[in-house]
Amino acid sequence: MAAASVLYLVHSLLRYATFSAKGFDLGIFDQAVRQYALFKAPIVPIKGEDFHLLGDHFHPVLVVLAPLYWIWDDPRMLNIALILLLASAALPTYLVARGWFGHRTGMVAVGALLLGWPFQAIVNWDFHEIAVGVPLIAWIIWAMERGRIRLAVGLSAALLLVREDMGVTLVAIALVLLLRRRWIAAALTAALGVAGYWFATDVVIPHFSPSGDFGYWEFTALGASAGAAVVFLLTQPWHAAAILVDHPLKIALWLLHFVPLWLLPLASPYAILGAPILLSRLFNDRLNVWSPVYQYDAILAPIFLLAALDTARRIQAVRARRTRWPAQQAPEHAASSTTAAATARNRRWATAVPATALAVSVVGTLFFPQVFPLQRTVTASWSFDERVAAHQRAVEAVPDGVCVEAADTAAPHLVDRTRVGLNGTTDASRLSWLIIDDTVSELGGNDPLTPQEAFDRADRLGFEPVISDDAGLWVLHREVDDAVDASCAEYLRR
């Protein structure tokens, strides 16, 4: 855990130092948590003028991170929070694996989890609220294995505070409880899931959303609405199944999740817990969410790893029953020896499952940075080139307490001292500074401008260059009334 945490931290700090961290998502979450720390609503200029972040996704759990900013109000504090959350998922994973197969298997499982590509992807994403759900889901599996059903239900309820789609995950947890004949707990968990999803998507998000509704129904391949999607899934399941494998990225996602684990998760009831998250991505209209380079897979990692070991445990139980009868017919000393040998073989076989995943991660980290981004840190491939120096000059040119629109890569370095948005997201009457990157095709955000559109807008608003084409970065300024700058500075005051 310590070694992985250090590796994660070094990678995160290098991303920040080289201006690889972005406003989407590090800057967004910094602004939200920073406002919570100031006892204010999570208004996030990077998302838009006066944009309330609970109108985008439902993640009130971010409030618990606010005290961290009383210690150090810096976006890198979110990197540290992310690392602690991921590392803490190792403990329940180890406890479950050790309970089934012993210490060695538990340790190998932890290594496979912490070095796996899903954790590498979310570390490379700097921060995301789904990280809070990673240890929670692992502890839920631990609680079910220990028969702590009330705890499992309580932790499941806590998942509802992580993200609106966790309500569907609670229904999946209820199905697993149902298979265990925990009728009351299953009914309660399912009811909480349905109610939580409704409350988040029909009440809270529409209330705060600029459009007045939940804007993330992106499953038009299934239907125009949730009801239409259910009808499609029930009446045309074969067409639905085809959608899950109709693109090379989707096939790659299946293979990366399940082949290193010998396809064993697919035979475990625990795989049900990951089904809503995985299937919602594969049914999604957006191609980018099918890719194995985003944060979405982190919460699936402990689920599928423990599901694979659960299947191994079940196979071991079947083997044990098959060897027990012949052993009973043998002399006592021979029977004991046979049973011990069989147990040792089964444990070695079970350990080989996470060992395979760990080996894939080691090889991937050394040679395949597209999926295993920690390769840049492990192989010391970071570069502090002229672009990094140009970024530093650009952000240093912007004074404190102003309203500025910045390049996506510059935004995280301005969140602690300015009211910063991305190009095109801010009320033009407030703007006094711009940073435009002309080396990219789009400047970031939900409705991104092209560099040319940003330059045309700057010209219309009367901006003049302060720094021109410094490795592709432009800093522009115009004078505004002192009262305007004062209103911008108020954003960061309690």
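These legends go with close-up views of a predicted model.

**View 1. Residues R34 and D30 form a salt bridge inside one helix.**
Start with helix α2, which covers residues 23–37. Both R34 and D30 sit in this helix. They are four residues apart, about one turn of the helix. The closest N and O atoms of the pair are 3.0 Å apart. R34 is buried, with a relative accessible area of 5%. D30 is buried too, with a relative accessible area of 0%. Side chains of opposite charge can pair when their charged atoms come close.

**View 2. R34 also forms a salt bridge with D73.**
Here the closest N and O atoms are 3.7 Å apart. D73 lies in the loop between α3 (66–71) and α4 (76–88), while R34 is in helix α2, so the pair ties together parts that are 39 residues apart in sequence. Is D73 buried or exposed? Neither word fits: at 42% relative accessibility, D73 counts as partly exposed. Its partner R34 is buried.

**View 3. A salt bridge joins R393 and D470.**
The closest N and O atoms of this pair are 2.8 Å apart. R393 belongs to helix α19, residues 386–397. D470 belongs to strand β4, residues 464–470. The two residues are 77 residues apart, so this salt bridge links distant parts of the chain. R393 is partly exposed, at 36% relative accessible area. D470 is buried, at 14%.

**View 4. Five residues share salt bridges in one network.**
The members are E145, R180, D310, R313 and R314. Salt bridges that share partners join them. In the whole model, the count of salt bridges comes to 23.

**View 5. A negative patch lies on the surface.**
Which residues form this patch? They are D447, E453, D456, D459 and E464. Helix α20, residues 451–461, gives the largest share, three residues. D447 has its place in the loop between β3 (433–437) and α20. At 69% relative accessibility, D447 counts as exposed. The cut-off for that word is over 50%.

**View 6. Helix α14 has a buried face.**
Helix α14 covers residues 248–258. Its buried residues are K250, L253, H257 and F258. Look at the helix down its axis: these residues fall within an arc of 105°, so they line one face of α14.

**View 7. A nonpolar patch lies on the surface.**
Six names make up this patch: V245, I251, L255, V259, L263 and L266. Together they have about 530 Å² of accessible area. Where does V259 lie? It is in the loop between α14 and α15 (271–282). V259 counts as partly exposed, at 45% relative accessibility.

**View 8. A cis peptide bond joins F24 and D25.**
Omega is about 15° at this bond. D25 is found in helix α2. This is the helix that also holds R34 and D30.

**View 9. D50 and D469 have positive phi values.**
D50 is not a glycine, yet its phi is positive, about 55°. It lies in the loop between α2 and α3. Phi of D469 is near 45°, again a positive value in a residue other than glycine. D469 is found in strand β4. At 45% relative accessibility, D469 counts as partly exposed. Strand β4 also holds D470, the partner of R393.

**View 10. T18 and P369 are set apart along the chain.**
How many residues separate T18 and P369 along the chain? The two are 351 residues apart. Their C-alpha atoms are separated by 17 Å. T18 is found in the loop between α1 (2–17) and α2. At 9% relative accessibility, T18 counts as buried. The cut-off for that word is under 20%.

Conventions: Residues are numbered from 1 along each chain as its sequence is written. This is a predicted model: local features need pLDDT of at least 70, side-chain atom pairs count only at pLDDT 80 or more; totals for chains, interfaces and linings use all residues. Side-chain values use heavy atoms; hydrogens and water are left out. Patches are made of residues with over 30% relative accessible area and no salt bridge: like charges are joined within 9 Å, nonpolar side chains (Val, Leu, Ile, Met, Phe, Trp, Tyr) within 5 Å. Accessible areas come from the Shrake-Rupley method with a 1.4 Å probe; for residues, only the protein chains shown count as cover. A salt bridge is a side-chain nitrogen of Lys or Arg within 4 Å of a carboxyl oxygen of Asp or Glu. Lys and Arg count as positive and Asp and Glu as negative; His and the chain ends are not counted. The place of a charge is taken as NZ of Lys, CZ of Arg, CG of Asp or CD of Glu. Buried means under 20% relative accessible area, exposed over 50%, partly exposed in between (1.4 Å probe, protein chains only). The arc is that of the directions from the helix axis to the C-beta atoms.
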